[in-house]
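Let's explore this structure together, one question at a time. Have a look first, and then we can reason through a few of its details.

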Amino acid sequence: MPVIAVLGAQWGDEGKGKVVDQLAAEARMVIRFSGGDNAGHTVINAHGEFKLHLVPSGIFSQATCLIGNGVVINPARLIEEVDQLNKRGIDTSRLVISDRAHLVMPYHLLLDGLEEESRADRAIGTTKRGIGPAFTDKVARMGIRAGDLLDQKAFRYRLQSVLDYKNTILTRVYGVSPLSLEEIYGQYCQYGERLAPHIKETTTLIREALARDDYILLEGAQGALLDPDFGTYPYTTSSSPLSGGACLGAGINPKQIDRILGVFKAYCTRVGSGPMPTELHDEVGQAIRERAHEYGTTTGRPRRCGWFDAVAAAFSSQINGFTGMVITRLDVLDTLPGLKICTGYRLNGKTIDYFPASIADLEKCQPIYEELPGWQTETSHIREFARLPAEARRYVNRLEELSGCPANIICVGPSREQTIQVRPVI
Ligand code: IMP
């Protein structure tokens, strides 16, 4: 059985939760490999509607659900999420937390807010979940990992040295009150006791699953254009949502991944600051936002909406190595008389077909559009590709051609059954 990565191909919020929930019905293991509780994965299934931030979207299946080493975990938020799931009758005993996963600490939350404030009009528009500061500490070798909670004495020693430094920054740079060692220590020891049964050395579990030839899903968070290397830096997140990030954040080598599914919305959205060449500031953008309820799952902020950007899509496909695409929210376009796809950019009087590294250049890029007729027919009840209106099929085919990978799945609504299987994933 295969290992399949399900990745965000745009700026996040593409609908990965729904896809993972659906594929997980047959999977034996689902691994979240990046981000933290900045993610908001919406799942609607027979159990109801859920918004997951840290728990893998496979939790409704029989699969072992693993939070990988590449995720940063706010333990308070994780416990809250687990409690909510349990209250609604969902079994979370199969949840496993990598002992290598880093923790979001109270100073990370504080610093995320203070750093954003100090950026003023250059603010990134982060989710303020402490994600950037937590990943910064990981790389600076100042992080505290889930496994550290299992040895309280060593944890206290480590926390003390890190907190001394953090309190210096908090008081001297930002002029705010220092945080209390005793409070954080006491609180995190409690979290540790609660989470201890789930915290494990996960590479062994993964090795055994691979040896059994288990079906494994790698669940991405955010999207390729928020990658710190290839996204719209510095308006990005702090961990890699790419297929390379999946290898690192789960502990699976590149040769072991069989399929890489890129999840694309049928149009583009972005939340937070940073360039987005196809953004619509008119009534069409507004219509898409309202029809699709494009508001952030984690922060409630309105998402910026725009036409499908095929330059960005081809770039995303290239750096991820997509073997197939999942196109979500096709039904959102049902009412539009005409559609546009961006096939190139005009930059400084020249036509370019690549996604520039410089955000100053990207901000100057004028999209070159190809226009296609809309279908102006309801599609949310359709379950077969051949039954889609001809204009919708043409639109999908064009997205496939321009993105350079075939469509496996098309979603025409938020629930599990509002799905068209175009080609088998496995
Ligand atoms: P951070 O990840 O909270 O540091 O935020 C950095 C940027 O990534 C901001 O523009 C956020 O809006 C964006 N971002 C982070 N997580 C998500 C997500 O799950 N969906 C969409 N955008 C996200």
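Q: In which loop does Lys128 lie?
A: In this predicted model, we can look at which helices flank Lys128. One is helix 4 (131–139) and the other is helix 3 (106–119). Lys128 therefore sits in the loop between helix 3 and helix 4.

Q: Is Lys128 buried, partly exposed or exposed?
A: Buried means under 20% relative accessible area and exposed means over 50%. Lys128 has a relative accessibility of 47%, so it counts as partly exposed.

Q: What is phi of Gln376 near?
A: Most residues other than glycine have a negative phi. Gln376, in the loop between strand 18 (366–373) and helix 12 (390–403), has a positive value. Its phi is near 40°.

Q: Is Gln376 buried or exposed?
A: The cut-off for exposed is over 50% relative accessible area. Gln376 reaches 53% relative accessibility, so it counts as exposed.

Q: Which residue does a cis peptide bond join to Tyr233?
A: Most peptide bonds are trans. Here omega is about 5°, and the bond is cis. The partner is found in the loop between strand 10 (216–219) and helix 8 (243–250). That partner is Pro234.

Q: How much of the accessible area of the ligand does the protein cover?
A: An oxygen atom of the ligand is 2.6 Å from an N or O atom in the side chain of Thr237, and an oxygen atom of the ligand is 3.0 Å from an N or O atom in the side chain of Arg301. On its own, the ligand has 470 Å² of accessible area. The share that the protein covers is 97%.

Key:
Residues are numbered from 1 along each chain as its sequence is written. This is a predicted model: local features need pLDDT of at least 70, side-chain atom pairs count only at pLDDT 80 or more; totals for chains, interfaces and linings use all residues. Side-chain values use heavy atoms; hydrogens and water are left out. A polar contact is a pair of N or O atoms within 3.5 Å; within protein, one must be able to donate a hydrogen and the other to accept it, and residues adjacent in sequence count only if both atoms are side-chain atoms. Accessible areas come from the Shrake-Rupley method with a 1.4 Å probe; for residues, only the protein chains shown count as cover. Helices (H or I, at least four residues) and strands (E, at least two) are DSSP runs, numbered from the N terminus. Buried means under 20% relative accessible area, exposed over 50%, partly exposed in between (1.4 Å probe, protein chains only).
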